[in-house]
Structures are given as C-alpha cells and as structure tokens.
Amino acid sequence: MNQTMTRLAEEEHPNKAFGWAARDSSGVLSPFKFSRRATGEKDVAFKVLYCGICHSDLHMAKNEWGMSVYPLVPGHEIVGEVTEVGSKVQKFNVGDRVGVGCLVGSCHSCDSCKNNLENYCPKSVLTYGAEYHDGSITYGGYSDTMVADEHFIIRIPDNLPLDVAAPLLCAGITVYSPLRYYGLDKPGLHVGVVGLGGLGHVAVKFAKAMGAKVTVISTSPVKKKEALENLGADSFLVSRDQDQLQGASGTLDGIIDTVSAQHPLFPLLGLLKSHGKLVLVGAPEKPLELPVFPLLQGRKVVGGSMIGGMKETQEMIDFAAKHNVKPDIEVIAMEYVNTAMERLLKADVKYRFVIDIENTLKATTS
C-alpha cells in the first residue's frame with residue numbers, strides 16, 4: 001500500500017520551483033515560477049544553495065547560438081543539499097552535498113556512454129534549454145530546487161566549500177579533462193595557458209597542482225602580476241610581443257587555449273616543442289585559421305575538448321578537494337544577476353560569479 005502511494009505521489013505531484021528566467025533574446029532575467037518533475041525512482045532532488053554563472057549562460061540567454069528555448073532558466077554549475085531520493089537511488093542520501101554540471105541525461109548505450117564519456121553522447125541532454133527524455137524542457141540552476149538522475153549527480157567533498165565548488169562543475173572539468181587526456185598532467189612538463197579568465201585561471205591552478213611548470217599567455221601585459229603572484233604561474237608571455245614569443249620558442253609540451261574570440265594559432269604553435277599539443281577549449285564563433293607547416297615540422301597536434309564525463313567530473317572534484325584547487329569567485333545576490341551578465345560581457349570579474357541562491361533568491365519571492 002505504501003509503495004503504491006509513494007509511486008503515485010512521484011508521478012502526480014511535481015515539485016514547485018522558483019527561479020529567474022530569460023523570456024526572450026534580450027537576455028534580461030526576471031523572477032519565474034515553474035515546476036520540476038516529480039522525483040522519480042532513480043532521481044535525486046536537492047535544494048540549490050549556489051549556482052555559478054558561465055559565459056554559456058549569457059550566450060544562451062541572448063540566443064546567440066540559435067538554440068535557446070524560452071522561458072530559459074540558465075545555470076549549469078549547481079550545488080546544494082539533497083532533500084529527497086528516489087526508491088532506487090543507491091549512491092546518495094538526504095543531507096548529502098551534491099552538484100550538477102552541464103549534463104542531466106544521455107543514452108547510456110553508445111560507445112561514448114559505455115566509456116564514461118557521456119559528454120560526447122549524440123543524445124546527451126543539457127542541464128537547461130534542452131529536451132529531456134520525457135519531452136519536457138530542462139531548467140537550470142538559477143532556481144531554488146533541482147531534480148536529476150543520480151547518474152548525473154556529483155558528490156561534493158566535505159572539505160570543499162560549496163560556493164567555490166560550483167564553477168568547477170563547468171570551468172573546472174573543461175580544463176581538467178584535456179590536461180588528463182592529452183597527457184599534460186605529468187610533473188615536470190611545461191604547460192602554457194592562453195587567456196586568463198574564468199577557464200584560464202582554473203587551468204593554471206590545476207596544472208600547477210599536477211606538478212607542471214606553467215606559462216600564462218595573454219594579450220594583456222597588466223595581467224602579469226596577477227598570473228605570477230596570485231595564481232602561481234611560473235612565467236608570463238604577452239602574445240603580441242614578438243621578442244617574448246621568439247625567446248620562448250619550442251619550450252612548451254602543451255597548451256590549453258581557453259580563448260573564445262578570434263585569435264591567431266601560428267604564434268602558439270611556435271611555442272610548442274616537437275610532438276607538442278595545442279588544445280582548444282574555447283569556442284570562437286568564426287573558424288580559426290590553421291597553418292599546416294608548423295604541424296608538419298614538429299609533428300604537432302591541434303585538438304579540442306568539451307567538458308567531461310561523469311566519472312571524470314567526480315575525479316576532478318575529488319582532486320580539487322585534495323589539492324586545494326579553488327576558483328577565485330565573486331559571490332552575488334540573485335537580484336544582481338543582470339548586472340553580473342553585463343560585467344561578464346566586459347570580462348569584468350575575477351574570475352567567476354557565483355549566485356548565493358539560498359540567501360538571496362527567497363528574498364525576491366515576497
């Protein structure tokens with residue numbers, strides 16, 4: 001009798017939710033009431049405490065990628081505390097500290113899924129603005145509650161503060177995964193990081209924690225002090241200074257390129273040793289020009305990487321907790337989100353905004 005009642009409750013009573021949504025391509029966010037799906041037998045429901053702001057949220061709110069569905073509740077750097085678990089959930093209990101990153105679904109049967117690479121599944125489901133298996137549209141973490149299949153839930157270690165854990169679920173795994181996959185995680189290697197923003201500053205911290213020597217490459221000379229003194233980089237190159245580039249020619253084992261604007265690859269390829277790897281994790285809107293001769297002359301490789309699978313994302317969070325890798329964040333109130341988006345557009349943040357959902361979202365409901 002109780003099991004039947006529980007099942008009916010799961011099916012018939014979706015979870016009321018409150019958040020902020022964009023209604024159109026202006027990208028302006030405002031309060032929004034909606035429903036989460038009822039907590040299914042393999043689902044974990046949790047109270048959202050913090051949610052990071054990713055540059056993708058800005059693109060999606062304004063429909064700059066042409067795939068947005070309105071109303072759109074952004075946010076895929078979501079952390080909080082479990083409030084309910086489905087009857088078949090095995091890994092989580094009420095009260096656990098958890099998070100959800102960029103994905104909430106995949107097919108579980110393709111080669112990518114079988115190899116713990118749900119991020120490359122052709123049927124992967126994004127955390128917001130995508131169609132879920134049941135036909136509903138997913139809503140992100142700029143909201144008070146979250147429900148997801150336990151397979152896509154990440155456990156947050158107790159010694160990692162939740163506010164700094166949030167950006168790791170996107171920015172962190174975006175740079176951790178290529179460092180691991182392309183073999184740039186070995187002590188003593190020399191790794192370059194292009195761009196010192198939300199992704200770049202975390203890449204520096206992970207590479208240093210892995211034992212690499214790190215060189216930051218930036219168009220902005222004013223970031224040198226920040227890179228060397230605050231983030232712990234070993235050296236700094238101004239990418240427009242030909243003398244500096246020439247002096248560092250052939251010194252890097254690999255480069256993590258986080259820049260999402262148009263930029264030349266030729267100078268970066270010159271910095272690589274033979275067999276060096278240039279890995280792109282930014283997403284410029286227009287194609288980049290790829291010079292071939294530098295690749296031939298040193299058997300160099302240009303590759304890419306996009307977030308990571310669930311197993312590797314958990315590994316990344318555990319590594320961050322163990323090695324004290326913490327993004328630099330600015331915690332903001334929910335009401336400040338539109339201003340934060342404007343500042344993000346101007347790269348006016350060091351280095352990730354994180355919304356204090358628990359303490360500021362409920363203030364907007366009155």
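Let's start with what packs over helix α6: the cover on its buried residues includes α5 (171-181), β10 (190-194), β11 (213-218), α11 (310-323) and β17 (352-356). Keep in mind, everyone, that this is a predicted model.

So which residues of α6 are buried? They are Gly198, Leu199, Gly200, His201, Val202, Ala203, Val204, Lys205, Phe206 and Ala207. Since buried here means under 20% relative accessible area, you can see how the picture comes together: 10 of the 12 residues of α6 are buried, so the helix is largely enclosed by the rest of the structure.

As for its geometry, α6 covers residues 198-209 and reaches 17 Å from first C-alpha to last, close to the 16 Å expected at 1.5 Å a residue. After α6 comes glycine 211, with a positive phi near 95°.

Now let's step back to the protein chain. It holds 13 helices and 17 strands. Its radius of gyration is 21 Å, close to the 21 Å from the globule rule for 366 residues, so the chain is as compact as a globular protein of that length. Along the principal axes, the C-alpha trace spans about 75 × 40 × 40 Å.

How much of the chain counts as buried? That would be 54% of the 366 residues. Looking at contacts with a separation of 6 or more, 67% come from residues 24 or more positions apart.

And for those of you who like surfaces and charges: the chain exposes about 16600 Å², with carbon and sulfur atoms supplying 51% of that. There are 37 positive and 41 negative side chains, and the centres of these two sets lie 4 Å apart.

Thanks, all!

How values were computed:
Residues numbered from 1 in each chain as written. Predicted model: local features only at pLDDT ≥ 70, side-chain atom pairs only at ≥ 80, totals over all residues. Heavy atoms only, no water. Helix = DSSP H or I, 4+ residues; strand = E, 2+ residues; numbered from the N terminus. Rg over C-alpha atoms; globule rule 2.2 N^0.38 Å. Buried < 20%, exposed > 50% of the residue type's maximum accessible area, 1.4 Å probe, protein only. Contact = heavy atoms within 4.5 Å. Areas by Shrake-Rupley, 256 points an atom, 1.4 Å probe, with all protein chains shown as cover. Lys, Arg positive; Asp, Glu negative; His and termini not counted. Charge placed at Lys NZ, Arg CZ, Asp CG, Glu CD. Expected span 1.5 Å × (residues − 1).
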